[in-house]
Amino acid sequence: MPQVFASPTRVVDDDIVSIDEYFGGASSGTKDVSVAKVIYKRAFQGPWQTPSFDEYILLLRGVAQVEHEGGMTEVTAGQSIFLKKGERVKWNFPSDDGTEYIPICLPAFSPDNANREE
């Protein structure tokens with residue numbers, strides 16, 4: 001039987017980013033996949049990480065730069081990018097006007113399986 005979720009779960013909301021999770025560990029208890037809407041409110045540079053999940057990203061607004069072993073890949077609104085699990089990456093969001101995207105992670109994202117180098 002289909003299951004409807006009335007609204008996402010706000011998992012992060014601070015002066016830099018807001019994240020609404022539609023499916024995943026925090027919102028639906030799903031461990032196989034996570035789907036969220038991420039809004040960076042201003043420019044931000046994340047730490048290096050080596051996720052233990054495949055990540056499909058749909059960029060809705062702004063620009064994202066992904067640093068990786070081979071250099072840097074830039075993604076703009078309307079484009080998408082795939083990151084294979086185990087690939088070491090660093091996210092940069094250079095626009096002070098913000099960036100908005102939909103990450104789809106298999107298995108579901110968790111802070112533990114992002115493997116951030118903080």
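Here are some notes on the predicted model shown above.

1. **Ground rules.** Numbering starts at 1 along each chain as its sequence is written, and side-chain values rest on heavy atoms, with hydrogens and water left out. Since this is a predicted model, local features need pLDDT of at least 70 and side-chain atom pairs count only at pLDDT 80 or more, while totals for chains, interfaces and linings use all residues.

2. **The four-stranded sheet.** Start with the open sheet, whose four strands come in the order β4-β9-β6-β7 with antiparallel pairing. At its edges sit β4 (44–49) and β7, each pairing on one side only. On average, neighbouring strands here are turned by 15 degrees against each other, direction ignored. For the vocabulary: strands (E, at least two residues) and helices (H or I, at least four residues) are DSSP runs numbered from the N terminus, and two strands pair if DSSP finds at least two bridges between them. Axes are lines fitted to C-alpha atoms (for helices, over the stretch in contact), and angles run from 0 to 180 degrees between N-to-C directions.

3. **β6 and its two partners.** On one flank, β6 (residues 63–68) pairs with β7 (residues 71–76) in the antiparallel sense, over six bridges. A hairpin through two residues makes the connection from β6 to β7. If you want to check the register, V63 stands opposite T76, and H68 has G71 as its bridge partner. The other pairing to look at is with β9 (residues 89–93), which runs antiparallel to β6 and is joined to β6 by four bridges. There, E67 of β6 stands opposite K90.

4. **A36.** Is A36 buried or exposed? A36 is part of strand β3 (residues 34–40), and its relative accessible area of 9% makes it buried. The cut-offs are under 20% relative accessible area for buried, over 50% for exposed and partly exposed in between, using a 1.4 Å probe and protein chains only. Leaving aside residues up to four places away in sequence, A36 touches I19, D20, E21, Y22, Y101, I102 and P103; a contact means heavy atoms within 4.5 Å. Take Y101 as an example: A36 and Y101 are 65 residues apart in sequence, yet their C-alpha atoms are 8.4 Å apart in space.

5. **A greasy patch.** F5, Y22 and F23 make a nonpolar surface patch of about 250 Å². F5 comes from the segment before β1 (9–13) and is partly exposed, at 32% relative accessible area. Patch members must have over 30% relative accessible area and no salt bridge; nonpolar side chains (Val, Leu, Ile, Met, Phe, Trp, Tyr) are joined within 5 Å, like charges within 9 Å. The areas come from the Shrake-Rupley method with a 1.4 Å probe, and for residues only the protein chains shown count as cover.

6. **Salt bridges around D13.** How many salt bridges does a search of the whole structure find? The search gives eight, a salt bridge being a side-chain nitrogen of Lys or Arg within 4 Å of a carboxyl oxygen of Asp or Glu. D13 takes part in a salt bridge with R10, where the closest N and O atoms are 3.1 Å apart, and in another with K41, also listed at 3.1 Å, N to O. D13 is in strand β1 and K41 in the loop between β3 and β4, so this pair ties together parts that are 28 residues apart in sequence. R10 is partly exposed at 45% relative accessibility, and K41 is partly exposed at 36%.

7. **E117 and R88.** Another salt bridge brings E117 and R88 together, with 2.8 Å between the closest N and O atoms. This pair links distant parts of the chain, 29 residues apart: E117 is in the segment after α1, and R88 is in the loop between β8 (80–83) and β9. E117 is partly exposed at 41% relative accessible area, and so is R88, at 39%. Back at the other site, salt bridges that share partners join R10, D13, D20 and K41 into one network.

8. **Backbone oddities.** Most residues other than glycine have a negative phi, and most peptide bonds are trans. Two spots deserve a look. L106 and P107 are joined by a cis peptide bond, with omega about -10 degrees; P107 lies in the loop between β10 (99–106) and α1 (111–114). N115, although not a glycine, has a positive phi of about 50 degrees. N115 belongs to the segment after α1 and is partly exposed at 34% relative accessibility.
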